[in-house]
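Please look over the sequence and the three-dimensional structure shown below. The paragraphs that follow explain selected parts in turn.

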Amino acid sequence: MTKIAVIGVGYVGLVTGTCLAELGHQVVGVDIDQQRINNLEKGIIPIYEIGLEELVVKNLKNKNLSFTTDIGLAIKNSDVVFIAVGTPPMPDGSVNMEYVNSVAESIGKNMNGYKVIINKSTVPIGTGDNIRRIIEKNYNGSFDIVSNPEFLREGTAVTDFMNPDRVVIGTDSKKSADIVTNLYSGLKTEFVVTDIKTAEMIKYASNAYLATQISFINSVANICEKLGADVTKVSQGMKLDNRIGKKAFLNAGLGYGGSCFPKDVKGLIQIASENGVRFSILEAVEDTNMAQKQSLLVKIQKLLGEDLHNKNITIWGLAFKPHTDDVREAPSLTVIRQLLDRGVNVKVFDPIATEQAKKILDGKIEYEDNLLESTKDADCLVIVTEWPEFKEIDLKQLKNNLKQPNIVDGRNVFEVEEMKELGFNYISIGR
Ligand code: NAD
């Protein structure tokens, strides 16, 4: 059992802290958001994540997990301190490090003996050295810095944390590598132990590579549409090549969104440029993704004509992907804003993400809480997120509800042949 403080209890910090408590460690979660901490102390969690609430409640009860806003006390009482605060993008694409730096300063001011400082936030390469310098300004005892990037996916975060593909540990001391390996000894996984900068790069390179796969297959999809080929079969055929792999991220759709890929692609382009390298592949990945998010408009106009003024359009899906309420950089935002600009009467349905979307979206939007009802009298249904319940819908009833049987499917949820047979005007991606 190790005494651990996790600073920042958002998606990553809360999952990390809770799962480490579940693995038997003594964890305190720290945040500057008093409301968030008050709620967490009562077992109310700030995000939608399958299985997380149960684990928080269980570990609060057995006293492996607690929450506080008192960062000083939490650091003093811990042997290991995780940094898991946000690293949002600045307007120029560089990474905003103010939260990480501020936590590093608090750590320096509250050190009272040897501790391992583990950075889980996604940070520019070289940040480990910077955190060390900030701590050393305030403390001259011994400590170790470790980079331990997180690879969990929102929507399956708890499962991903407990069953990781790998745990990356970047450090220059054997002592801290052993301490961190021990923290995770309850997990069956492969450990990759490297120096700090390499670990920091593994995180950026992984996310940028996954984003590249998405833009790549979306470009292939756009050509398939022109030629009458089927991108889903192309992808299936590609994945059977062992060098590409069965789990490759090759689902054509509306492009990537969320709080990580857009920011990390931008971040790596910027890091490359600061070091005299032009990462032109990633510049193209970004451009392709932007165009893909905007590409539904043309498809909608193909069905409804150029002038969309006063048309009724229903959007299914606000979250950037299923099983999360996260709408940061979600393609839904781009599509909805395009439609509002053209005077469309927009109705939306999402099983989970409506409240988050309301905080970001302006304009006259009707938020529906019933999936089928949301399609009543619509001139077109537009599918933006592939929530599983969309696939289960009664298609005949759906057709009866729509004013015109028009569907633009940005996630290839339905089968083209079946939709044709049922009499829908159905346009999807790359098929
Ligand atoms: P988030 O915005 O959900 O949470 C950050 C939390 O840190 C917030 O609760 C905020 O109040 C708190 N915070 C900010 N400053 C603080 C301070 N000085 N002291 C204490 N708490 C403070 O962020 P997130 O999505 O969990 O991301 C955190 C990091 O992990 C980022 O670098 C991100 O890139 C990386 N990451 C995120 C994911 C993901 O899926 N969300 C996956 C892997 C890595």
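Helices (H or I, at least four residues) and strands (E, at least two) are DSSP runs, numbered from the N terminus. The model is a predicted one, in which local features need pLDDT of at least 70 and side-chain atom pairs count only at pLDDT 80 or more, whereas totals for chains, interfaces and linings use all residues. Residues are numbered from 1 along each chain as its sequence is written, and side-chain values use heavy atoms, with hydrogens and water left out.

A useful place to begin is M90, which is found in the loop between β4 (80-83) and α5. With a relative accessibility of 37%, M90 is classed as partly exposed; on this scale, buried means under 20% relative accessible area, exposed means over 50%, and partly exposed lies in between (1.4 Å probe, protein chains only). In sequence M90 and K263 are 173 residues apart, yet from C-alpha to C-alpha they are 9.2 Å apart in space.

K263 leads to the ligand. Which residues come nearest to the ligand? They are V12, D31, T87, E154 and K263, out of 25 residues around it; a residue is counted as near if one of its heavy atoms lies within 4 Å. A polar side-chain atom of K263 is 2.6 Å from an oxygen atom of the ligand. The backbone takes part as well: a polar backbone atom of V12 lies 2.8 Å from a ligand oxygen, and a polar backbone atom of T122 lies 2.9 Å from a ligand oxygen. Taken alone, the ligand exposes 840 Å², and the protein buries 88% of that (accessible areas come from the Shrake-Rupley method with a 1.4 Å probe; for residues, only the protein chains shown count as cover).

The shell around the ligand is mixed in character, with ten nonpolar, eight polar and seven charged residues. In this division Ala, Val, Leu, Ile, Met, Phe, Trp, Tyr, Cys and Pro count as nonpolar, Asp, Glu, Lys and Arg as charged, and the others, Gly among them, as polar. The helices α1 (11-22) and α5 each supply at least two residues of this shell. The most comes from α5, which gives three residues.

Helix α1 deserves a closer look. Its twelve residues reach 17 Å from the first C-alpha to the last, close to the 16 Å expected at 1.5 Å a residue; the expected span is 1.5 Å times one less than the number of residues in the helix. Helix α1 is largely enclosed by the rest of the structure, because ten of its twelve residues are buried. Among these buried residues are Y11, G13, L14 and V15. After α1 comes G24, with a positive phi near 105 degrees.

Positive phi values also occur in residues other than glycine. One of these is N310, with a phi of about 65 degrees, in the loop between α13 (296-304) and β9 (312-316). Another is N412, where phi is near 50 degrees. The loop that holds N412 runs between β13 (406-409) and α18 (416-421), and N412 is buried, with a relative accessible area of 13%.

The charged side chains complete this account. Side chains of opposite charge can pair when their charged atoms come close. A salt bridge is counted where a side-chain nitrogen of Lys or Arg is within 4 Å of a carboxyl oxygen of Asp or Glu, and a search of the whole structure finds 20 of them. One joins K109 and E105, with N and O 3.0 Å apart. These two are four residues apart in helix α5 (residues 98-110), which means that about one helical turn separates them. K109 is exposed, at 54% relative accessibility, while E105 is partly exposed, at 36%.

K263, already met beside the ligand, forms a salt bridge with D264 (3.0 Å, N to O). Are these two partners buried or exposed? D264 is buried, at 0% relative accessibility, and K263 is buried too, at 12%. A further salt bridge links E368 and K347, whose closest N and O atoms are 3.9 Å apart. E368 belongs to strand β11 (residues 365-368) and K347 to strand β10 (residues 345-349), so this pair ties together parts that are 21 residues apart in sequence. Both E368 and K347 are buried. Finally, E154, one of the residues that come nearest to the ligand, is linked with D326 and R328 in a network of salt bridges.

Notes:
A polar contact is a pair of N or O atoms within 3.5 Å; within protein, one must be able to donate a hydrogen and the other to accept it, and residues adjacent in sequence count only if both atoms are side-chain atoms.
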